[in-house]
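Reader: I would like a close look at one part of this protein. Please take me through the nonpolar core and what packs around it.

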Amino acid sequence: MSCKIIQIMRIGFISDIHGSFTALEAVLADIKKEGVDQLICLGDTVSLGPQPCEVLDALREWNAVTIMGNHDQAILDPERAEAFEITSHLIPDLEWGVKRLPASDMAFIRSFKNTHTVRFENGIELLAFHGSPKATTDLIVATTPQDNLDDLFRGQSASVFIGGHSHIQMHRRNGKNLILNSGSVGNAFLYPFTPGNPPRLLPWAEYAILEQDGNFLRSDMRRVYFDIDKLLGLVKESGLPGTDWWFRQYAETP
Ligand SMILES: [Fe+2]
C-alpha cells in the first residue's frame with residue numbers, strides 16, 4: 001500500500017466568521033486565487049450572523065481543520081453562554097443560531113479541536129488556538145502585558161503561535177517566538193473589545209496566509225472587501241434579534 005505524504009508549505013488561517021458567509025465567500029475566493037495547501041479555522045464560526053449553515057458547509061467543503069471558539073462552545077451549551085464570556089445582549093442572537101442548526105451541524109461543531117499543531121518541513125512548529133493555548137476566552141492583543149504572555153505560553157514547544165478571538169490582526173514578537181492573529185472574517189474590529197466599550201466594525205474581512213520560506217515563515221496579513229449591502233439584505237430577511245446592531249455598525253463604519 002502506498003502512502004502519499006502531503007507537504008504543507010502554505011496555510012490559510014481564517015477566524016471569527018460569526019455566521020457571515022457573505023464575508024467568508026469573498027475570503028475563500030481570494031484564498032483560491034492565492035492557493036494554499038490547507039485551511040485552518042481558528043474558531044467562532046457561526047454565532048451572531050445570518051448564515052450559520054452556509055459557513056459550516058463551506059468549512060466541510062474545504063476540509064478545514066477547525067478549532068473551537070468560545071462562541072462555538074456557547075452554541076453547544078447556550079445555558080452556560082455567560083461562562084464562555086458571551087455578552088448578555090448577544091444571547092438572543094446566539095439562540096437564533098442554535099434553532100437553525102440541524103443535529104449534523106451541532107455534531108460537526110462538537111468535533112472542533114482545542115488546538116492544532118503544524119510542523120513545517122523546515123522544522124518550525126506552529127500552534128494554532130482560539131484565545132490562547134490555555135483557554136478560548138483569553139484575549140491577547142498588542143498591549144497584553146509581558147507577564148500575562150509568560151503565563152499563557154509557558155511550557156509550549158512551538159515557536160510560532162496563531163489565534164483569533166480579538167478580531168484584530170496582530171504580528172507580535174515575544175522573545176524568540178512570534179504571536180500572530182489572523183483577524184476576523186465576519187466582524188473585523190477597529191479596536192479591542194472591553195466591557196462597556198462596544199466594538200466598531202471595519203468594512204472588510206481579514207485573514208492570513210503563512211508560508212514556509214527557507215528557514216523562515218513568511219506571514220501575509222490580508223484584507224478583502226465584501227458586499228456589505230448583500231449581507232445587510234440577508235440580515236434584514238433573517239429576522240436576527242440583532243438586526244438593528246448590524247445596520248448601525250455599518251452606518252457608522254469609519
Ligand atoms: Fe469572535
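Author: What follows goes from the whole chain to the core, then to a helix pair and one residue.

The model is predicted. Start with the overall fold. The protein has eight helices and ten strands. Its radius of gyration is 18 Å, close to the 18 Å that the globule rule gives for 254 residues, so the protein is as compact as a globular protein of that length. The C-alpha trace spans about 50 × 50 × 35 Å along its principal axes. Of the 254 residues, 39% are buried. Now take the contacts with a sequence separation of 6 or more. Residues 24 or more positions apart account for 66% of them.

Next, the core. In soluble globular proteins, nonpolar side chains tend to be buried together. Here the largest nonpolar core holds 52 residues. Phe13, Ile14, Leu24, Val27, Val55 and Val185 have the most contacts inside it. Helix α1, residues 21-34, gives the most to this core, with six residues.

Look at Val27. Leaving out residues up to four places away in sequence, Val27 touches Ile14, Val185, Ala205, Tyr207 and Val224. Ile14 and Val185 are also among the residues with the most contacts inside the core.

Helix α1 has a helix partner too. It packs with helix α2, residues 52-61, at an angle of about 25°, with the axes 9 Å apart. Angles under 35 degrees count as roughly parallel, so α1 is roughly parallel to α2. From α1, the contact uses Phe21, Leu24 and Leu28. From α2, it uses Glu54, Val55 and Ala58. By class, that is five nonpolar residues, no polar ones and one charged. Leu24 and Val55, both part of this contact, are also on the list of residues with the most contacts inside the core.

Finally, Tyr207, one of the residues that Val27 touches. Tyr207 is found in strand β9, residues 205-213. Is Tyr207 buried or exposed? It has 32 other C-beta atoms within 10 Å. The cut-off for buried is 20 or more, so Tyr207 is buried.

What does Tyr207 touch, not counting residues up to four places away in sequence? The set is Gly12, Phe13, Ile14, Val27, Ser182, Gly183, Val185 and Arg222. Take Gly12. It is 195 residues from Tyr207 in sequence, yet the two are 7.5 Å apart in space, C-alpha to C-alpha. Val27, Ile14 and Val185 tie this back to the core: Tyr207 touches each of them, and each is listed with the most contacts inside the core.

Methods:
Residues numbered from 1 in each chain as written. Predicted model: local features only at pLDDT ≥ 70, side-chain atom pairs only at ≥ 80, totals over all residues. Core = buried A, V, L, I, M, F, W, Y, C linked by C-beta atoms within 7 Å. Buried ≥ 20, exposed ≤ 12 C-beta atoms within 10 Å, placed from the backbone. Helix = DSSP H or I, 4+ residues; strand = E, 2+ residues; numbered from the N terminus. Contact = placed C-beta atoms within 7 Å. Rg over C-alpha atoms; globule rule 2.2 N^0.38 Å. Axes fitted to C-alpha atoms, helices over the stretch in contact; angles between N-to-C directions. Parallel < 35°, antiparallel > 145°, perpendicular 65-115°, else oblique. Nonpolar A, V, L, I, M, F, W, Y, C, P; charged D, E, K, R; others polar.
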